[in-house]
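The following exercises concern helix packing, an enclosed cavity and local backbone features. Please study the sequence and the structure before reading the solutions.

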Amino acid sequence: DPYTVLFRDLTRTNADLAQATRMAEAALKERSDIMAWMSHEIRTPLNGIVGMLDMVRGTGLSDEQSKLVDVMDGASANLLVVVNDILDFFKLDAGKMALELIPTDLAELAHSVMALYGPKMSERGVNPVVVLSPELPRLLLCDPTRVRQVLSNLVSNSVKFTHAGRVAVIVEVESTPRPQLYQICIHVQDTGIGIGEEQQKDLFRPFAQIHSSTARLYGGTGLGLTIVRQFVELMGGVLSVTSVPGQGSTFSVRIPMKEHIAAPSSASAGSSSVPTTVPESFSFAARILAVDDNAINRAVMASFAKRVGCPVTFATNGAEAVEQFQPRPSASCAHSHDEISDRSENIATVESQESSSSGHGRSRRCLFDVVFMDISMPVMNGIEATKRIRSLGVKIPIIGLTGDITKETETAGLQAEMNDLLLKPMKFSQFVECLRRWVPPSSSKLEEFTQSSVAGAST
């Protein structure tokens with residue numbers, strides 16, 4: 001019977017397709033897991049390097065020492081760029097990159113990116129130029145992180161290949177038939193070495209630099225422009241280039257963006273609020289529990305906390321952190337920052353017998369004001385530890401620290417009721433900004449703060 005044969009063939013084909021789909025999904029998950037592992041393992045030691053360099057800067061260095069620290073800081077920044085490029089490339093390739101739409105001040109973003117490369121351009125005698133269309137809306141809906149990354153990559157490339165003249169960012173606006181929707185055209189022009197027609201054909205191919213003399217002369221992974229193009233296409237835009245060898249290049253990005261009509265106070269939504277400097281006298285009334293299995297990261301946190309006057313207790317995994325909030329707390333599982341230099345001394349940050357009867361409204365479950373929780377740890381990870389701490393009725397801020405800030409990690413953190421999620425490496429300024437966001441600064445009336453914070457948590 002031909003129909004029976006046909007039915008059997010279709011059934012077999014469907015089964016084969018289902019099996020192939022399962023294998024593809026398993027391979028994709030395995031690739032995603034490897035990518036997350038790589039990100040965490042690379043960013044964790046970088047966190048120690050970047051964090052300790054931040055602390056060294058505040059120790060009264062000589063001019064020569066400051067120059068040496070600048071070199072190390074630049075090297076770590078370059079390494080982070082390479083790491084980010086590689087990870088972003090694999091995320092995009094795996095379809096793991098998601099976009100956000102946030103009201104963004106594009107003029108401020110353009111100026112801040114150019115300011116970032118200002119010192120290097122000044123060293124070379126290259127003039128930075130920003131030209132903004134008068135028709136540019138104050139706020140546009142876009143993903144400021146990805147737009148900044150696109151612009152930074154293009155400006156960085158221009159600066160790298162330009163030794164005289166100028167590097168310019170030009171932002172133009174084109175209207176569309178739809179109200180409040182615009183085509184935003186961002187041009188990055190330079191007077192650098194230029195690119196030949198043959199080279200332009202391979203310009204957006206992954207790792208295009210690796211087999212050329214350009215990589216040896218200028219460095220880089222050859223992934224930057226590939227990632228830029230993928231980001232632009234992800235945002236519904238187009239990337240193009242025109243160049244003449246010996247005269248310079250112009251990279252042009254066209255992205256559709258909708259105007260955001262809002263009060264002026266929201267204008268900073270897409271801009272960075274992380275301070276570049278922190279007053280030496282700035283301190284917080286925050287008792288910190290830092291949970292991390294890595295000794296270097298604990299040393300960084302100890303230095304950060306000491307600089308702002310915060311006592312800090314350490315736990316080396318999630319299970320130890322949960323134990324700190326049990327009704328009968330034990331200081332034996334937590335390590336003072338002194339354990340990094342001398343494990344024989346173990347100092348509890350607060351009195352374990354503190355209870356609600358002390359008149360301060362605190363129970364033994366609330367010995368801390370904020371928790372910095374690493375996500376990836378042995379014994380018990382940060383997500384599970386946060387869930388268990390919340391199940392005990394603890395409401396204090398819990399800040400997740402991760403080397404893998406994928407959408408899955410963000411979702412897991414939110415579901416566990418983490419208050420914030422920071423990507424490693426964490427700089428001192430980011431640590432301070434996080435405390436500012438979640439913990440009031442210290443004052444002479446510490447007890448009033450303690451009582452009001454508990455009262456606020458109970459309402």
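Three exercises follow, each with a worked solution.

This is a predicted model, in which local features need pLDDT of at least 70, side-chain atom pairs count only at pLDDT 80 or more, and totals for chains, interfaces and linings use all residues. Residues are numbered from 1 along each chain as its sequence is written, and side-chain values use heavy atoms, with hydrogens and water left out.

**Exercise 1. Describe how α5 packs with α3 and with α8**.

Solution. Two packed helices are described by the angle between their axes and the distance between the axes. Helices (H or I, at least four residues) and strands (E, at least two) are DSSP runs numbered from the N terminus. Axes are lines fitted to C-alpha atoms, for helices over the stretch in contact, and angles run from 0 to 180 degrees between N-to-C directions.

Step 1. Helix α3 (residues 106-116) packs with helix α5 (residues 144-160) at about 40 degrees, their axes being 10 Å apart. Therefore α3 is oblique to α5; angles under 35 degrees count as roughly parallel, over 145 as roughly antiparallel, 65 to 115 as roughly perpendicular and the rest as oblique.

Step 2. Contact means heavy atoms within 4.5 Å. Among the α3 residues that meet α5 are L106, L109 and V113, and their partners in α5 include V147, L151 and V155.

Step 3. Helix α8 (residues 224-234) and α5 pack at an angle of about 145 degrees, with axes 10 Å apart. On the α5 side this contact includes R146, V150 and L154, and on the α8 side L225, V228 and F231.

**Exercise 2. Locate the largest cavity and characterise its lining**.

Solution. On a 1 Å grid over the protein atoms alone, a cavity is a set of points where a 1.4 Å probe fits but cannot get out; lining residues have an atom within 4 Å of a point. A volume is the space filled by probe spheres set on the points, which are joined across faces, edges and corners.

Step 1. The structure holds 3 cavities of 30 Å³ or more, and the largest has a volume of about 110 Å³.

Step 2. This largest cavity is lined by 14 residues, of which N47, D292, N297, M301 and L401 are the closest to its centre.

Step 3. The largest share of the lining, 4 residues, comes from α9.

**Exercise 3. Which loops hold P425 and V379**?

Solution. Step 1. P425 lies in the loop between β13 (420-423) and α13 (428-438). A cis peptide bond joins K424 to P425, with omega about 0 degrees.

Step 2. V379 is in the loop between β11 and α11 (382-391). Its phi is near 70 degrees, a positive value in a residue other than glycine.

How values were computed:
1 Å grid on protein atoms, 1.4 Å probe; cavity = no way out; pocket = protein on both sides within 12 Å on 5 of 7 lines; lining within 4 Å.
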